[in-house]
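Q: Please take a close look at the disulfides in this structure. I would like to know which cysteines pair, where they sit and how each bond is built.

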Amino acid sequence: TQSTGSYNNFQVSRIDLAHKMSSLTVLVLTALAVSTVLSADIVLVSKDLSGPEPCARICYGESRGSWRKNGNHLSIDSSLRDCKFVKQPLVQATLVNTGDYSIYTGYVGIEQPGYFRYEMYAPGTSAAKANADGYQINWSAAGYTC
């Protein structure tokens, strides 16, 4: 009878250990999944931009409502201050909300790590119209924070 009791305790211990191992496995797999989702591997490839890998950052934003006219061009300045770049990043911007995109050609001019200027050729469009119609640029910037 005593050996049966030990055997039963052994069975209970084995089941308890298996349950604990199963819970531990789920916990480890969950931690790995969360770690994989939260850690993004950002690699910036540019001959003009370099820095330490852990400091790489990609920042996204939008700008509208403060267009200015200069001759046949409209321009808007966009802040990169919240991105906290330490040197000039790579920036791309796309004009949206204008209806007929084919009549405009634009480009990004970087001024410093804290902001950039988007300028486009728009001879028949005033700054007041661009602001009233909600002309907007969506942008992304890639750079280093240290």
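A: What follows describes the disulfides one pair at a time, after a word on confidence.

The model is predicted, and the protein chain averages a pLDDT of 76, with 65% of the residues scoring at least 70. Helix 1 (residues 2–38) has the lowest mean pLDDT among the elements, 50, while strand 2 (residues 68–70) has the highest, 95. Over residues 1–13 the pLDDT is below 50, and this stretch has 0 contacts in the model beyond near neighbours in sequence.

The structure holds 2 disulfides. With the bonded cysteines numbered in sequence order, the pairing is 1-4, 2-3.

One disulfide joins Cys55 and Cys146, whose sulfur atoms are 1.4 Å apart. Cys55 lies in the loop between helix 1 and strand 1 (56–64), and Cys146 in the segment after strand 7 (136–144), so the pair links parts of the chain 91 residues apart. The torsion about this S-S bond is about 45°, so the disulfide is right-handed. Cys55 counts as buried because its relative accessibility is 9%, under the 20% limit. Cys146, at 47%, is partly exposed.

The other disulfide is formed by Cys59 and Cys83, with their sulfur atoms 2.1 Å apart. Cys59 is in strand 1 and Cys83 in the loop between strand 3 and strand 4 (90–96), 24 residues apart. Here the torsion about the S-S bond is about -85°, so the disulfide is left-handed. Both Cys59 and Cys83 are buried.

Methods:
Residues numbered from 1 in each chain as written. Predicted model: local features only at pLDDT ≥ 70, side-chain atom pairs only at ≥ 80, totals over all residues. Heavy atoms only, no water. pLDDT = per-residue confidence, 0-100. Helix = DSSP H or I, 4+ residues; strand = E, 2+ residues; numbered from the N terminus. Contact = heavy atoms within 4.5 Å. Disulfide = S-S within 2.5 Å. Buried < 20%, exposed > 50% of the residue type's maximum accessible area, 1.4 Å probe, protein only.
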